[in-house]
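Please open the structure in the viewer and keep the selection panel at hand. The tour below proceeds selection by selection.

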Amino acid sequence: MGFFDKLKKINIFAGFGSELNDDFYDELEESLILADAGMDTALELVAQLRQRVREKGVKTLEEARACMVEVIAGALSTGGLELNLSTTPSVVLFIGVNGVGKTTTIGKIGAQLRGEGKKVLFCAADTFRAAAAEQLTIWADRAGAEIVKQHEGADPAAVVYDALSAARARKSDVVLVDTAGRLHNKQNLMNELNKISRVIDRECPGCARETLLVLDATTGQNGLIQAKQFKEAAGITGIVLTKLDGTAKGGIAVAIARELGVPVKYAGVGEGVDDLKPFNPVEFAQALI
Ligand SMILES: Nc1nc2c(ncn2[C@@H]2O[C@H](COP(=O)(O)OP(=O)(O)OP(=O)(O)O)[C@@H](O)[C@H]2O)c(=O)[nH]1
Ligand SMILES: [Mg+2]
């Protein structure tokens, strides 16, 4: 079974005539929009497909499908897909709105990094609810990671400071920072992220850093709006797209990659520790259509 088997397919070639005519392209455009690719991206993808079909002298639907996979994979291949973990420690900050899967994703990535033999430290900078640190502690135990936490209501930037000191002292390879879910339009919460970022700059100058925006793929085009605003307010180096196992339509991945130029680096397809994988554009494009 493929990793993306649970992904809702865009059956873009079903029910179409067998000819690659204007009707075919119109219906394809429609399907892409319905699959959350968004209007601009759908138009762009279809224009690229038309060009490719013309250049290659493609005649059959099957060949056109292969071209479409190339076009979608191309749109998804924006920037490096691997995390930059080149320094010891490296720091990865996880941000996003409530309930998208930040804490779960940290657990899953932590387990994978442990599997690669890395020394991993979780930082419980979501101090908003006591339950948040408890949840992260459970994941730390499961993943074999260490954790630094403080009391509920503590200053998140202070927890990050502690975690970075601990990471240096214990020679951790990677620090994964959990943050409280926040709305992309709440200025004080965004300021808090900037404060965390400044602490990392000060305490770990020159260290490899990533800021991953976690997005729930089932939120569709709203996810694109979130991504735009988080990108402006916090600067993001990659996206984790979660819940691709549910009612999500995968077109959103293409829209984000194309419109923001930020790569999707991981895909989540369930709640279990193994239900996350580094993102593979070709595999995803094949699964999608
Ligand atoms: N089906 C599915 N569920 C997921 C996935 N990732 C996370 N979840 C579930 O989504 C719910 C929320 O996950 P959390 O990791 O707590 O989300 P969060 O972003 O940390 O939430 P807050 O800290 O409250 O902002 C949990 O029930 C997870 O098990 C996924 O890829 N697929
Ligand atoms: Mg959380």
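The stops below cover a strand, its pairing partners and a helix.

This is a predicted model, in which local features need pLDDT of at least 70, side-chain atom pairs count only at pLDDT 80 or more, and totals for chains, interfaces and linings use all residues. Residues are numbered from 1 along each chain as its sequence is written, while chains are lettered from A and ligands numbered from 1 in the order in which they are written.

Select residues 174–179, strand 4. Strands (E, at least two residues) and helices (H or I, at least four) are DSSP runs, numbered from the N terminus. Of the 6 residues in strand 4, 6 are buried, a term that requires 20 or more other C-beta atoms within 10 Å of the residue's own, with C-beta atoms placed from the backbone. In a regular strand, side chains alternate between the two faces of the sheet. Here Val174, Leu176 and Asp178 point one way, and Val175, Val177 and Thr179 the other.

Next, add residues 90–95, strand 1, which runs parallel to strand 4 and is joined to it by 5 bridges; strands pair if DSSP finds at least two bridges between them. Val91 has Val175 as its bridge partner. Then add residues 120–125, strand 2, which pairs with strand 4 in the parallel sense over 6 bridges. Cys123 stands opposite Val177.

Finally, select residues 102–115, helix 4. Its 14 residues reach 20 Å from first C-alpha to last, close to the 20 Å expected (1.5 Å times one less than the number of residues). Helix 4 is largely enclosed by the rest of the structure, because 10 of its 14 residues are buried, among them Ile106, Ile109 and Leu113. Gly117, which follows helix 4, has a positive phi near 85 degrees.

Definitions and conventions: A residue is buried if 20 or more other C-beta atoms lie within 10 Å of its own, exposed if 12 or fewer, and partly exposed in between; C-beta atoms are placed from the backbone.
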